[in-house]
Every structure is written in structure tokens, then in C-alpha cells.
Number of protein chains: 2
Amino acid sequence: MTDEPPIALDAMGGDNAPTEIVAGAVRAAKELGVRVALVGQPEEIVACLARRGPKPDTITVVPASEVIEMDDKPAQAARHKKDSSIVVGLRMVKQGEAGAFVSAGNTGAIMAAAIMYLGRIKGIERPTLVALMPLSGKLTAFLDVGANADCKPNYLLQFAGMASAYMRHVWDVERPKVALLNIGEEEAKGSTLAQEAYELLAGSDLNFIGNVEGGDVPTGIADVIVTDGFTGNVVIKTMEGMADFIMGQLRVAIKSRPWYAAAGLALMPAFNQMRKKLDYREYGAGPLLGVNGLVFIGHGRSDARAIYSALRVAREAAQSGMLEALREIAPGRGKGEAG
Amino acid sequence: MTDEPPIALDAMGGDNAPTEIVAGAVRAAKELGVRVALVGQPEEIVACLARRGPKPDTITVVPASEVIEMDDKPAQAARHKKDSSIVVGLRMVKQGEAGAFVSAGNTGAIMAAAIMYLGRIKGIERPTLVALMPLSGKLTAFLDVGANADCKPNYLLQFAGMASAYMRHVWDVERPKVALLNIGEEEAKGSTLAQEAYELLAGSDLNFIGNVEGGDVPTGIADVIVTDGFTGNVVIKTMEGMADFIMGQLRVAIKSRPWYAAAGLALMPAFNQMRKKLDYREYGAGPLLGVNGLVFIGHGRSDARAIYSALRVAREAAQSGMLEALREIAPGRGKGEAG
């Protein structure tokens, strides 16, 4: 246990940094015994730690003097802020000093820096960002959600293979069902990209179950749903937008009459129960697959619970041999990832 | 008023045909004085009409012996079922015997038949299907929602111009705000298609307000939101799926305790009030823009109310000179449609 390298955690990343980030680390250290290297400005981190009681032994602090802000230009920040918590954390992964890197910071900068400092896994054409869909009873890895706005059919095949490996190694899904996001049931099934990706997926050794539509994404119909990064990003934003919109409308409707308000109050536990299912925090962070190291990117709004979950998942990934499996699936490496 | 050609209505199209279709026609005729030509199998139509009391004078029946089913192959059905209600109705538009065609039938077949029998407006590269978003207090024309899975930047510019003309002529929006569906705020804004379409829109005389994201679609942030038909179709399916999912979860949560159920019952009017905002039926049908005639395609689940609304909108479009405006915006026709 003491030989296991820690998870490097970006203490400065996200809307609630460093307070919530440190709180999540302390909870993961205390409850799960996760070893965490908090990367960032030491005074701030130490101050946050002090407010949480005696520091757990499994937590260390790694200084990084710079901060990449949420609105910094990704590539530029990754290149120039060399002593930022993101770059320092990724370097730890590169050098084997950390088993994985977790951040709720600037997504674009994390992706750019990860590609820059860790590099791609040999044979993988494009790294891809996964969103874990916690909406239905079961998990779905939905990807790409924004790493690659323009995709070729072969990228989608590689995305599906990597996500299958992830679901198998980290979430113990034995033979992940893979679906392609597509449109309509009509004669011509989707864009040229979708049609060509369909052929590749159907001819692969993945457990491909065919096309699904936008409405299927929250239902848990598949373990992996693959699409290009433009469509995927639009879909997750649309889902968030719809959830916010419907809850907002419901709130307005309930407030419109005093007796609705009383009934609404009585229903609060039921609403909370439902809202929990829409809650990304339960699953913490999505992996960036295809870079040469384990990287998990959390929602900018991540709170202590999200960070706690992300650390749990990151440790699971580090211990599971997932990275080695990803290295195996690259083309020309012999073995396929049949899932 | 008697000189005005009727709206041709596909009596056989949709999950609830012909009963609900005929009911919607009767209501529109009685309440709004809309002239309707019910196209389809006469015995069935007459039987449905008989159940609605004395036939309004403004309703006529136009026989069509064939029916294009919801699962027929679009292009094939359009080509071979020449005496179908869809083809007969579109022919009426072509020959000036109807001011517009309304159908809740097989979307792919209606699009294929409309292009086949009406042709495209000169200079318009691709017809496009619009979904009217009734979610927020104000209307948004969201397009393309499935007519063109593969798009070029110039198509998106034309879509935006046509939808602007539609919002102006039919919904009296003076200078429609046009937005481009795109991803993230990061450095590289979206796909190559989105980037090139942005340039074209920014350089046009449309009232272009820039990029919006998936979560903005239901908010009424713009009068027109344009994207390719693959993304657009995925977005509307995702919105429907999320609404169904959230309402379903809410129902489960409410049923989980007896006292929740009581509160839920008290809240029913408030729920219904909210659900109405998610209701496509209020706006009936979306226009197929760019073909040489007015065509409105309703949801397969259209009921009498949706058909009633569709007929109201179709008559408004026929009277508004919208088609003439669309003919003006095609490139090389002199005038731009500045909205």
C-alpha cells in the first residue's frame, strides 16, 4: 500500500477550488485510504487542510506556483504556465510519481497539456473525453464529449474500443454493449461519418449493438455510446439545459399558488431523490482516454463529493491495469479489445 | 375568402389518422373558417366526418387510394405510391389547387415526395426541416432537424435565411435573431463546418448574434438557431428523451410513498401547466423550407389539437407571402433576406 504512487489532484482547478477540492481529498484519504498528492499553491492548500483537522498521513502537498484559470486559452496556458498545478500534476504522472491525475479545471487546457506532456498512446489517433451518464440505474460511457470536433470514422472505432476497456477494467462490465449515436430509422442512416463508423464498428470484435438515437442516451440502453466530439458536446449541454429548464419550470409552477407550494414542500424528498439521478457528482469525473497516462477531468462545478468520487475512480483505474489494456488495443499491437 | 385555395391535409398520415386528423380539420374549419381539403380514402374520411356532426362547408374530400405507411421506405414510397394521400396532396399544391400541404405522416417520404413533385426553389441548395421550439415563453425556429445529415457551410447560411423569412412572415418577428449551434467557449470554436458557417453568417445581412450551446436551445435566446441535420435531429430527440426521462423519474418518486402521492395529486394542475410548455402540439407542425410550395410536417403523434394548430399556421403562411419571400432570398436573386 505504501509503495502505491498517490493520485495527483489539482487543488487549484474548478469553481470551488481549493476549499472543496481539499475537502474531497481529505474525505477520500480518511474513508478510503486513498493516497493523494495535492498540487498547487502550498499556503492556500495548507490553510484549507488546517480547517479539516489533523492532516491524514496519506495526503502530501506538491507545490505549483501558477494557476491556469478557467478562461485561459488552453494551448497557450498549457505551453507557458509550466509551473501550473495542471502541468506539474501531469509531469508527476509522466514520471511515475503519480498513478493518475484528477482535475476540475479548464478542460481544454488539461487536454492540451495532457497531449503535450504525456503524449498519445502509440497507434491511437486522437485522445477522447468521456462523460459518465449516471441518469438511469446503470452507467453509460458517452463519448467523445468535446475533445475532437471533427472526427474520422476510424477515430470513433478507437473511441469505442477505449471506452469498452474503461468500462471493463474500472466498472467491471464484462462485455460492454457499444452503440453508435445516429438519427432516425429512415433509409439513409445518418451522416457519411455515421454510416462509415457503423461499418467499422459492425466489422470489429467489439460488442456492437447498432444505432441509438438522442433520446436513448439517458436510458442506459448501452454501456458505451460513441459519437463525434461536436455532437457529443452538444448532447451533454442539451441534457443539462433540459434538466435545468424543466426543474426551473416546475419551481415556477409550484410557486404559482399557495397550496401548490405546500404540496411541493411535502414532495421535496421525492424531488431530491429524482434530482440525485441527474447528479454528475456521484461519478466524479470522466477519463481522458488515449493519452499515455491516466487523466480524469471533473465538472467545473465539482464539489467535495465529486472530488471524492473522482479520486475513488482514479485509484480504481490505476490499480486495474486499464492503461496497459488501452495500450494493447491500438492497431497493429496484436490483440484486439473484445471487451 | 371563397377564392382562397384550401389547405390540403393528409387525412391518412400519423399514428392517430384518420380520426384525430379529421377532428382537427373540423375544429379549424368551424372555429377559424379554414378551408381544408381532406386527402385520403374517402370512405374512412366520410365515416370520421359523420361522427363530428354536419360537415362544415369549408371542408372537401379529395380521394387518394394509397397510403404511405410510417415504416415505408421514403424515396421508394414517394416514387411508387403515386395515388397516396401525400403525393396527391403535394400535386394539389403544385397545381395551385391548395395553398399548402400539411401531414403528420412519414417524414422521410413527405420530404422525398416534396422534392420530387414540387422541386426546389431556384438557387436553394437543400430544403430544410424546421422544428418550432415552444419551450420557453417565446418561439425559436430550430433547424435543420433531419433533412440533411451532411451539410456544407453554405447550406447553413441558406437555412438561416429561410428560417428568418419564416419567423418574419408567419410569426411577425421583425428582425429575427439568428444563432449558430456550437460547442464550448474554448479557443477553437467547434467543427470545421461550424467555423466556416460562422464566417458566412457573420458576413451576411442576417441579424446574427453568434454561437449558442446545446443548453440554450430551449431558452428562447434566439429566434432562429441553425445547425446541420445530424446534430439538429440528435438535439430534438435528446430533448424529448430528457423530458420523458425526468417526468418518468418524477412519477416513480411520487409513487414511492402514499403521502407523496397525495401531494402529487394536489400539484397536478401545476405539473400540467409546466408540461404544456413542453408540448409540441401548441404549434402543430414545422415547415419544410426550400421546396417550391408550402409544406408542413407534423409529429407522428399529432392529435386533433396539433392538426388544428398546423392548419392555422399553414393558412397564415399561405396568406403571408412567405413563399415569395423565400424565392427572393436565393443567391443571385438580387435582394437578401435581412429579416
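How many residues of domain 1 of chain A are in contact with residues of domain 2 of chain A, and how many residues of domain 2 take part? In this predicted model, 16 residues of domain 1 of chain A touch 12 residues of domain 2 of chain A.

**The two domains of chain A**

Domain 1 of chain A is made of two stretches of the chain, 1–124 and 290–325, whereas domain 2 of chain A covers 129–283. Measured out between their C-alpha centres, the two domains of chain A are 25 Å apart. On the side of domain 1 of chain A that touches domain 2 of chain A, the elements that give two or more residues are α10 (304–320) and α11 (322–329) of chain A, and α10(A) provides the largest share, 7 residues. By class, this side of domain 1 of chain A has 8 nonpolar, 5 polar and 3 charged residues.

**The sheet of chain A**

Chain A holds an open sheet of 11 strands with mixed pairing, in the order β3-β2-β1-β4-β11-β10-β5-β6-β9-β7-β8. Its edge strands, each of which pairs on one side only, are β3 (59–63) and β8 (207–212) of chain A, and from one strand to the next the twist averages 25 degrees. In general, the strands of a sheet pair through backbone hydrogen bonds, in either a parallel or an antiparallel sense.

Part of this sheet can be followed strand by strand, and the table lists three of its pairings.

| Strands of chain A | Sense | Bridges |
|---|---|---|
| β5(A) and β6(A) | antiparallel | 4 bridges |
| β6(A) and β9(A) | parallel | 3 bridges |
| β7(A) and β9(A) | parallel | 3 bridges |

Strand β5 of chain A spans residues 128–133, and together with β6(A) it forms a hairpin with 6 residues between the two strands. Within this pairing, A:Met133 has A:Thr140 in β6(A) as its bridge partner. A:Thr140 also belongs to the description of how β6(A) is covered, for A:Thr140 and A:Phe142 on one side of the strand, and A:Ala141 and A:Leu143 on the other, are all buried. Both faces of strand β6 (residues 140–143) of chain A are therefore covered. On its other pairing, β6(A) meets β9(A), where A:Leu143 stands opposite A:Val226. Strand β9 (residues 224–226) of chain A is joined in turn to strand β7 (residues 177–181) of chain A, and there A:Ala179 has A:Ile225 in β9(A) as its bridge partner.

**How the two chains are related**

In general, two copies of a chain are related by a rotation about an axis and a shift along that axis. Here, a rotation of 180 degrees with 0.0 Å of shift along its axis superposes chain B on chain A, with an RMSD of 0.1 Å. The two copies are thus related as by a two-fold rotation axis. Among the residues of chain B, B:Ala263 comes closest to the rotation axis, with its C-alpha at 2.3 Å.

**Where the chains meet**

The contact between the chains takes 53 residues from chain B and 52 residues from chain A. On the side of chain B that touches chain A, at least two residues each are supplied by α3 (74–80), α8 (229–255) and α9 (258–277) of chain B, and α8(B) gives the most, with 18 residues. The residues of this side of chain B divide into 27 nonpolar, 17 polar and 9 charged. Because 98% of the interface residues of chain B are also interface residues in chain A, the copies meet through the same surface.

How values were computed: Residues are numbered from 1 along each chain as its sequence is written. Chains are lettered from A and ligands numbered from 1 in the order in which they are written. This is a predicted model: local features need pLDDT of at least 70, side-chain atom pairs count only at pLDDT 80 or more; totals for chains, interfaces and linings use all residues. Copies are superposed by least squares on the C-alpha atoms of residues with pLDDT of at least 70 in both. Two residues are in contact if their C-beta atoms, placed from the backbone, lie within 7 Å. Two strands pair if DSSP finds at least two bridges between them. Axes are lines fitted to C-alpha atoms, for helices over the stretch in contact, and angles run from 0 to 180 degrees between N-to-C directions. A residue is buried if 20 or more other C-beta atoms lie within 10 Å of its own, exposed if 12 or fewer, and partly exposed in between; C-beta atoms are placed from the backbone. Domain bounds come from an automatic or database domain assignment. Ala, Val, Leu, Ile, Met, Phe, Trp, Tyr, Cys and Pro count as nonpolar, Asp, Glu, Lys and Arg as charged, and the others, Gly among them, as polar.
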